[in-house]
Amino acid sequence: MSAPTDEALLAGVPTGLHVDGAWRDAEGGRRFEVTDPATGDGLASVADASPADGLAALAAAERAQEEWARTPARARGEILRRGFEAVTARSEEFARLITMEMGKPLAESRAEVAYGAEFLRWFSEEAPRVAGRYATAPDGANRLMVQKRPVGPCLLITPWNFPIAMATRKVAPAVAAGCTVVLKPADLTPLTSLLLTQVLVDAGLPPGVLNVVTTTDPAALSGPLLSDHRLRKLSFTGSTPVGRRLMAAAAERVLKVSMELGGNAPFLVCEDADVDAAVEGAVVAKMRNGGEACVAANRILVHRSVAEEFTEKLTARLSGFVTGPGSEPATTLGPLIDERSRRKVAGLVDDAVSAGARVLTGGRVPEGPGYFYPPTVLTDVRADMAIVQQEIFGPVAPVLVFDDEHEAVRSANSSEFGLVSFVFTRDLDRALRLSERLESGMVGINTGVVSNPAAPFGGVKASGLGREGGVEGIEEYLETVYVGIRDPFATERGR
Ligand code: NAD
């Protein structure tokens, strides 16, 4: 059977709001356009939810909550497992859709679908493993019973950069734990979440368990939800400034929150590193998702003794990237998400250059349609430059030089962010020392990729609160309830 055309694929994606098990229009029939960042052309128009639509979704989630929490964990897990199988079977469709709305090369979209589907499988397996405990108090008398209960209806807000993985990383553990949800995907890339919703509903999620609202005014929609007593949890992935605002709003009701926020990953290449392996690691850590990843290497810190060799080899590798629409097989770097992002990336590079940095490759906005920016390597970069202090979110590698391990650690830890750090060294003691000293929620040793559904993903400092994935991921959606019980032998003992 031949692959569907883009038009046929898009025609199969729902474009309404999913509330209480049905697709429907937004209040007043309002819609907005989703565009292809490689061309700027429109792809589809989707429902633009109002605050009232958001509240209707929360009402549906609240109505479904009790029964979903009572549904056996095995049954919840089996629905997720069927979801995993369906997403995997339709992985090519999902990959093409991700490339259309987000722009990354097809090969990377395929990898994201595999990664994103894996959260459905992982949490299908975790659902039946949620357990409490029964213990005897230290004095041998009372009994302590600890129960785990689903938190209740959750609002899940996701960013545009990994359209399927950011959704499954939240929906799967929430649903596995017995929570119902309102998912609000980013307005730049809502189509993947809409198709995912249809697939999960077809896999058996009952009405009201997964509600999805798309909107161009997320602040107006989330405000009333955060102050509504029926909402029990907010899980947000996105930028630190928006995360801060949402945490402040959540504080009013002491709402439980998980925050997966921005990063500014240091990538350390030590004097004893395998330089070729470090270059390959840096290529992946920098160029995966075109640099539009919270875990992207943002500051490349290289020991002076290997700096020249490393920088030359990195420049050669990055110059070899083929920039173009993600749908073309030869493309290895797609466009940035929009003109605003491109202006920000170009502005950071121009600012660094005017402060003394040197461009070894790239650094120029190309002519023509789409939001392309070339792979760029900068040297003579100083720690006080904005490009080092801010999250770049683009294919730009600033290289800084250090002279000893202490200086490298100080420099790496000087950021307000603390999501991930990367270390390349052949010295085991040094690797472990650095893994203990670096202030980040994750550390990659001799690898440029740490993301794994079986591992706890998340940051320290301004990179966030809570973890997604691993055995930790489901905990974010569970309450711990303690039941104190009188000593069952009290009467027998005559007490
Ligand atoms: P963003 O903060 O602009 O938006 C994220 C989501 O929040 C979107 O759905 C958006 O519509 C919504 N939003 C925006 N303003 C809002 C408001 N006032 N109230 C409620 N919702 C609001 O971020 P982005 O540009 O979509 O994503 C890029 C950012 O996400 C980067 O900073 C990146 O590091 C971060 N990110 C973090 C992780 C992680 O796991 N730590 C993963 C991916 C992306």
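**Notebook: the ligand site**

I began with Lys184 in this predicted model: one of its polar side-chain atoms lies 3.1 Å from an oxygen atom of the ligand.

I then looked up Arg169, where a polar side-chain atom is 2.7 Å from a ligand oxygen atom. For Glu260, I recorded 3.4 Å between an N or O atom of the side chain and an oxygen atom of the ligand. I note that this last pair falls within the 3.5 Å limit for a polar contact.

I next checked how far the ligand is covered. On its own the ligand has 840 Å² of accessible area, and the protein covers 88% of that area.

Which pocket does the ligand take up? I found that its space is the largest pocket.

I turned to the shell and listed the elements that give two or more residues to it: the helices α6 (165-177), α8 (218-226) and α9 (240-252), and the strand β10 (233-237).

I counted 29 residues around the ligand; those that come nearest are Thr158, Arg169, Ser239, Leu261 and Glu391. By class, I entered 16 nonpolar, eight polar and five charged residues for the shell.

Finally, I asked where the ligand lies with respect to domain 1 and domain 2. Domain 1 comprises 6-261 + 463-481 and domain 2 comprises 265-445. I placed the ligand between the two domains, because both of them give residues to the shell around it.

How values were computed:
Residues numbered from 1 in each chain as written. Predicted model: local features only at pLDDT ≥ 70, side-chain atom pairs only at ≥ 80, totals over all residues. Heavy atoms only, no water. Near = heavy atom within 4 Å. Polar contact = N/O pair within 3.5 Å; in protein donor to acceptor, adjacent residues only side chain to side chain. Areas by Shrake-Rupley, 256 points an atom, 1.4 Å probe, with all protein chains shown as cover. 1 Å grid on protein atoms, 1.4 Å probe; cavity = no way out; pocket = protein on both sides within 12 Å on 5 of 7 lines; lining within 4 Å. Sits in = over half its atoms within 2 Å of the grid points. Helix = DSSP H or I, 4+ residues; strand = E, 2+ residues; numbered from the N terminus. Nonpolar A, V, L, I, M, F, W, Y, C, P; charged D, E, K, R; others polar. Domains from an automatic or database assignment.
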